[in-house]
Structures are given as structure tokens and as C-alpha cells.
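User: Please take a close look at one strand in this model. I want its surroundings, its partners and its place in the whole chain.

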Amino acid sequence: MTTRPVTRRNAVLGITAAAATLARPSVLRAQSAARIVVVGGGFGGAACARALKRAQENLQIILIEPNAVFTSCPFSNEVIAGLREIVAQQFDYDKLAAEGITVIGQAVTTIEPQRRSVVTTDGVALPYDRLVLSPGIDFHFEALPGYDEAASETMPHAWKAGAQTLLLRRQLEAMADGGTVAIAIPANPSRCPPAPYERASLIAHYLKTKKPRSKVLVLDAKDNFSQQRLFEKAWKELYGDMIERIALSQGGRVTSVDPSTRTIITEFGNYTPDVANVIPPQRAGRIAEIAGAADATGWCPIDPVTFESKLVPNIHVIGDACLGGGIPKSASAASAQGKACAAAILNLFAGRAPEAPRLTGVCYTTAAPGYGFSLAGNDQPRVTSLPRSRAARPARSMHHASSGPARRLKRNAGFKPSRRTPLARAFLHIAALIAAGVALACGARADELVPYKIIGDTIPEPLTGTLGDPARGRALVVARTTTCILCHSGPFPEARFQGDLAPDLTGTGNWWSAGQLRLRLVDASRYNPQTIMPSYYRNDGLVRVGRNFAGKPILSAAEIEDIVAFLVTLRN
């Protein structure tokens, strides 16, 4: 391979391993020839390989990636909207090879953990001391009847950048003015949660400038999503009523598709748009399953400090494929994980205890040319969980002159550990389905509300006069009807699918008193008027309430007390 100067195109894979980020322990002489194999040359794999090589030149670093050219997903929505060309998304591996990393252009067909060996498509077996998997995502086609690889040629997903990106762009260009573009969005976990809404924005921009009588229909398997208020504000300002979103509780979840007629079937109706962009449910890339690192959820549970698989020893998993707590599945997160994983491996080789990594990431979102916002945060594991950072708040808004771009919003965050942070931010995301009026089975009668007294940020006395039952509370939290584990994960091994939108509930009792938890469940707006968390024990002044819940709270007083009693038992 040749060596080329660093350019903007290859800078993405030239991820810098800053000295402040990566510890540099001395590797013992006997271990100086240790071999680390990295499978997957995306953001996470490339970052890990480079960080390892730069930290310890004597290490043998092998990067296995079947594609000679990497096509980046970030900014690919701009390609779909005609704002960018696909070539700007493509990068080769010359710079990594120039740094002494062995790049093998093969796929891995077999992984033998007992022998510590991987086998490539040409039959070559490569031994390793440590194996790093960065497989990205694959599609869980079985979870969406009617959709498969063949269907994606008619109803493109464009969720892996490349040919599908260009296919969706061509379909938009061929659509007549006045047509409808439908975007089907799956439930989480999913790669880059804000990206489908950025896509809706940029497609609307294309239609507004090229085909102004057209419409974007968003069919969403979620009621709430990351940066929702910023997106909705941008849509209203920029596109009027061009974008229509049908949320989960309104019947927006796609249950199947019929590619022969380009029909999208939802729980409450069928749609036959002119262009159908179907993003299917996802899981870890196939190689994770081959390695035995994926569990029943389809994702890879890891130790959040070392990124080592909880299922297979000496194998680390980074990037979109892993479940390490609440950190989002994004390119920025994958890059941070790659460097942190490299530091952990070096410490393991040196016989030192790995240090808890601090993962810094920034997500940039574009709603239109000249109009965008960013979300930054730090994540750090706490004992056995890796909680999501606090939701960022807008730091400032900058209005441009009328002749310039419409508006630019910037979201920053100073994420500092606080005893009053983890669960407060968790409850900003919890019960997203409830917020839109989902009919739950646990509604109470309006006349069953009992008076309570707020002191500071607590309701110190139980609503029922007695403490709740932790066992019943646990059952409520795990039950799908409460929506808790749709957003949260926690110590619930029996729950197959758990959320990663909000922090892991492990350790809740360390951070909050029973009175604090009670107030946040009863009516979080009494503590924070800006909260987006629904009030669980309130029956007036609400919006978008389901017909069956008019005049009723979501949870009864007894259910509130049972959940509080359980949450305070969750201690590290």
C-alpha cells in the first residue's frame, strides 16, 4: 500500500490517540510481541488499532476488514439530499498501513476462542493474544415480516452507507412533485438514534427546493426521541406542515411490509408512499454471533471498563455492537470506545488494573444547510454499569440576519458527576410511551388521588401511609406496560430486551432517597418545570391523554409506593 498525505477524506480513519486520553503502560519485554487482532475497520476498529500501535510500537496489530474502501455513515444523509457526493464519504486504509498496522483485506469466517485464533476467507488462521471485534450492525430481518435484502432494492434502508444511499437518492430524484416519502423508524436499540430525524429534515429540504408539493411521512416505533424538541422546532420553522410524524401511540409502529406493492403496514393502517425508506430493526454484526459474543438480544454484553465480552474471554467488543450501558450507538462513541479499549488492553498486558474510561462524544445534527445543533457528553462506568450522560441543555441560540441561514441552535453540556443526576435524567426518558397517551392497564380512578406534601425535592411520607412491597415494585418495573425497561436497562436477567436510551437503574438506591424518588414518580414537573417526564400521579393540566385515561393517573398510589420500595433496594 502507498502512503498519502493526510486529507479531509482520510482524516476520519486517522483518529488521534491523545496522550491525555490513552494511558501508556510499559509492556513487559516478554510480551512485546503480543498480537492483537482487530476485526472491523470502521470508526471503532480503526481508532483502537491506531491507538494500540502508537502507544506500543512493538505490538503486532492486525486489522481485518474485507472492504478496501470504508464508506462513512455520518453525513450520508446529506448525500441522500443531494448536498454532498458519495466520494466525500469514502476512505481507504493506507494511512493505517503506513503506521505499521497490518491490514488484511479478508472477511473472518471462524473464531476459535479456545485456541485464540481467527480464520479468514482464504483459510488462513491467525492466532491472537487479544481479539477486538468492531462489527457494527446487521439487520434483524426476522423482526420485520416481508423485509429482507431483496426488499431493500425496492424499499431501501440506506442504513449502511454506499449503494443503498445512492439508491434512495435516485428514488427521490425520480419521484414526481406532490409525492410522499415515508420513513419507517425502528425501536431502540438502533444505530445513531437522531439520524432518522436528520434524514427526514434533509429530505424535506430537498423536496422544499425541488418538489415543494411533496410530503415526508415519518412512521415511528417510538413516542419520544433524542433532541425531539429541537427537531420539531426546526421542522415547524423550516418546513411548515411538510413533515408529518406518526408516533408509536398513534399507530406509527411498522409491523410488516409488502415490497411488491411498496406498502408499509402499521398497527392502525397501511401506507403506499411513492418512496419508502424502511429502516429495519438491528442487532450486532454477524461476526459477533460467530464469536459467541452476542446474547439473546442480538447485542454483545461487555464489561464497561475493559470492553471485554461477558460471554467469551479475551475478546473485546466496541462500537455499535456492544451493550455497555446507556452510551449511544454512534461513530463518535465508537471512536472513543476504541481508544479506551486500547488503553485497557495495554494495562492488562502490563498487569495493571484497567482504569475506568471517560468516553467523550459529540453528535452533530443538520436540519437544513446552515441550521443544526450538537449534543456533547461524557460517559463513565460506575461499578458494573455504564450510565448514559445527562441530557444536554441548550447553551445558547444564535440568530442570523434574515439574509443568512434560518437559525443555528447549539447544544452543549457540562457533564459532571452529581448525586442528583443519574436518576433525574433517567426519568426524563422513562415512560416515553405514556407521554403520548398510551392506555396502560394500571390506571387508577380520579377520586383515588390522595393529598401529599412536598418538602424540598421530596415527598417524605408514603402516599398510602405505609411502605410499598419491593417484590411487586420489581414486577411493575420489569413489566412492559410500565415502559421502564423500554428506556432503561438494569439487573433484570429475565428481561430479554432492555432499553439503552436512559441510564442503567443499577445503583439507584445509592443516589436517591425514597422521598426524592416518590416526587419524581408522582409529578416531576413540581421539581423541574421544564421536564419532559410525564406525571404518574396527576389527573389535571395534562396534554395528549388517551381517552381511557382521561381524569386518571397512570399509576395508583400503591403502585407508586411499590416502585419506590424496589428502586431504593438497587444499591451497588
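Analyst: Two strands count as paired if DSSP finds at least two bridges between them. This is a predicted model, and the strand to examine is S11, residues 180–185.

Start with its partner S12, residues 215–220. S11 and S12 run parallel, and six bridges join them. One facing pair is Ile-183 and Val-218, the latter in S12. The connection between the two strands passes through helix H5, residues 195–210. This β-α-β crossover from S11 to S12 is right-handed.

S11 also pairs with strand S17, residues 275–278. Here too the sense is parallel, with four bridges. In this pairing, Ala-184 of S11 stands opposite Val-278 of S17.

Now the surroundings. Buried here means under 20% relative accessible area. Five of the six residues of S11 meet that mark, so the strand is largely enclosed by the rest of the structure. As a general point, side chains in a regular strand alternate between the two faces of the sheet.

Next, the whole chain. The chain has 572 residues, and 56% of them count as buried. Its secondary structure comprises 15 helices and 25 strands. Take the contacts with a separation of 6 or more: 67% of them are between residues 24 or more positions apart. The exposed surface is about 24000 Å², and carbon and sulfur atoms supply 52% of that area.

Back to the strand itself. S11 has parallel bridges to S12 and to S17, and it is largely enclosed.

Key. Residues are numbered from 1 along each chain as its sequence is written. This is a predicted model: local features need pLDDT of at least 70, side-chain atom pairs count only at pLDDT 80 or more; totals for chains, interfaces and linings use all residues. Side-chain values use heavy atoms; hydrogens and water are left out. Buried means under 20% relative accessible area, exposed over 50%, partly exposed in between (1.4 Å probe, protein chains only). A crossover is right-handed if, with the strands pointing away from the viewer, the path from the first strand over the helix to the second runs clockwise. Contact means heavy atoms within 4.5 Å. Accessible areas come from the Shrake-Rupley method with a 1.4 Å probe; for residues, only the protein chains shown count as cover.
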